[in-house]
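User: I am new to this structure and would be grateful for a close look at a single part of it, beginning with one residue in a loop. Please then relate that part to the rest of the chain in one connected account.

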Amino acid sequence: MEEVKWKREDGAWFSYLTSHISHLKILFMLFAFLGQIFTGSAQIRVAKNINYAGNTYQANKLNIYHKKDSVQNRDVIIFVHGGSWSSGKKETYWWLGRNLAKNNVVSVIINYPLAPSATYKEMAAATAQAVKWVKDSVSTYGGNPNRIFIMGHSAGAHLAELINSDPQFFKTAGIINPIKGVILNDPFGLDMEEYLTKAQKDHYYTDFLRTFSNESKTWQAGSPLFYVKNIKNPHLIFYGTKTYEAIQIQSERIYKTLLEQQVHVKLEKIEDKKHVPMISQMIWGSNRLYKTIFDFLKETK
């Protein structure tokens with residue numbers, strides 16, 4: 001059998017845009033975006049830098065976005081950012097928090113410890129702690145503790161699914177899994193054993209070994225697809241048709257497996273989107289992924 005060489009591509013939202021559209025259009029989009037933000041800001045409250053782990057570490061802090069009213073029992077989405085398990089921060093995704101909050105969802109954007117200071121297991125444990133804090137405290141911000149959804153992009157989607165599928169993390173946190181549903185946006189690393197066995201040995205590969213070690217048994221232990229039989233809650237999965245091959249293959253696999261297990265799951269392929277634009281497109285509150293997400297929340301009883 002021919003060896004598969006999965007490759008990764010570099011990309012950032014700004015460079016992606018500048019290589020595809022004119023500067024004039026960028027300015028127009030920027031003004032439209034700022035207008036959207038200023039219009040919506042008056043409606044939203046933001047609670048910043050709340051520590052969810054009982055310490056003072058920035059890696060264990062979260063931000064909450066919610067409507068300025070007294071309405072209670074709103075759906076809650078916790079977002080776990082991507083960044084190859086070694087970069088990223090909650091502040092980058094303030095627009096996601098506001099866009100969700102404007103649509104009556106209490107949104108929680110979390111930090112978690114990153115490589116090389118932390119392994120995937122420590123990152124997942126922190127994510128589970130954040131979910132526990134939200135379960136205990138979100139009613140203060142108008143959220144329903146019985147309607148907690150978790151969403152992640154890239155490595156963040158891996159962590160979201162790992163704590164949902166491997167029961168050790170919520171057991172350690174001292175709670176029963178409270179996640180009502182899972183939203184995976186271009187999830188990377190659903191099967192790290194497969195990826196690290198077949199991937200091209202580039203600098204990304206070396207970086208991932210800091211998070212997942214050199215041991216193939218650890219690659220398997222850190223892979224949500226090895227715990228998929230534990231999954232019972234509804235899932236919404238997005239991936240871009242121009243994203244990494246590993247993401248496409250493994251997203252399809254978890255989708256088909258959940259269908260076989262008769263778990264409610266929807267898969268949506270987003271045409272012509274690469275990995276970074278799969279999340280950066282959601283800067284715009286009118287992006288169609290939001291409607292799909294809000295429909296998913298309504299369908300999940």
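Analyst: Gln262 counts as exposed, because its relative accessibility is 74% and the cut-off for exposure is over 50%. The model in which this residue is described is a predicted one. Gln262 belongs to the loop that runs between helix H10 (245-260) and strand E8 (265-270). Its backbone also deserves attention: phi of Gln262 is near 60°, a positive value in a residue other than glycine. Most residues other than glycine have a negative phi, and most peptide bonds are trans.

Asn73 offers a second case, with a positive phi near 65° in a residue that is not glycine. Asn73 sits in the loop between strand E2 (61-67) and strand E3 (74-80). Asn73 is likewise classed as exposed, because its relative accessible area is 52%.

A positive phi is also found just after helix H8, where Ser213 has a value of about 70°. Helix H8 itself spans residues 203-212, and its buried residues are Tyr204, Tyr205, Phe208, Leu209, Thr211 and Phe212. These residues lie on the same side of H8, because they cover an arc of only 160° around the axis. The buried residues of H8 pack against four helices: H4 (120-137), H5 (155-165), H7 (192-198) and H9 (216-221). At the start of H8, there is a contact between side chain and backbone: a side-chain oxygen of Asp202 comes to within 3.1 Å of the backbone nitrogen of Tyr204.

Two of the helices that H8 packs against, H4 and H5, also pack against each other, with an angle of about 75° and their axes 9 Å apart. H4 and H5 are therefore roughly perpendicular to each other, since angles from 65 to 115 degrees fall in that class. In this contact, H4 contributes Tyr120, Met123, Ala124, Thr127, Ala128 and Val131, which meet Leu159, Leu162 and Ile163 of H5. Sorted by class, the contact of H4 with H5 contains eight nonpolar residues, one polar residue and no charged ones.

Helix H5 also holds Ser165. Ser165 is buried, because its relative accessible area is 1% and burial means a value under 20%. The side chain of Ser165 reaches the backbone oxygen of Glu161 at 2.8 Å. Leaving aside residues up to four places away in sequence, Ser165 touches Pro224, Tyr227, Asn230 and Ile231.

Ahead of H4, the loop that follows strand E4 (106-110) contains Pro116. Here the backbone has a cis peptide bond, which joins Ala115 and Pro116 with omega at about 10°.

The whole chain gives the setting for these details. Its secondary structure comes to twelve helices and eight strands. The chain has 301 residues, of which 55% count as buried; Ser165 is one of the buried residues, whereas Gln262 is exposed. Among the contacts in the chain with a separation of 6 or more, 76% come from residues 24 or more positions apart.

How values were computed. Residues are numbered from 1 along each chain as its sequence is written. This is a predicted model: local features need pLDDT of at least 70, side-chain atom pairs count only at pLDDT 80 or more; totals for chains, interfaces and linings use all residues. Side-chain values use heavy atoms; hydrogens and water are left out. Buried means under 20% relative accessible area, exposed over 50%, partly exposed in between (1.4 Å probe, protein chains only). The arc is that of the directions from the helix axis to the C-beta atoms. Contact means heavy atoms within 4.5 Å. A polar contact is a pair of N or O atoms within 3.5 Å; within protein, one must be able to donate a hydrogen and the other to accept it, and residues adjacent in sequence count only if both atoms are side-chain atoms. Axes are lines fitted to C-alpha atoms, for helices over the stretch in contact, and angles run from 0 to 180 degrees between N-to-C directions. Angles under 35 degrees count as roughly parallel, over 145 as roughly antiparallel, 65 to 115 as roughly perpendicular and the rest as oblique. Ala, Val, Leu, Ile, Met, Phe, Trp, Tyr, Cys and Pro count as nonpolar, Asp, Glu, Lys and Arg as charged, and the others, Gly among them, as polar.
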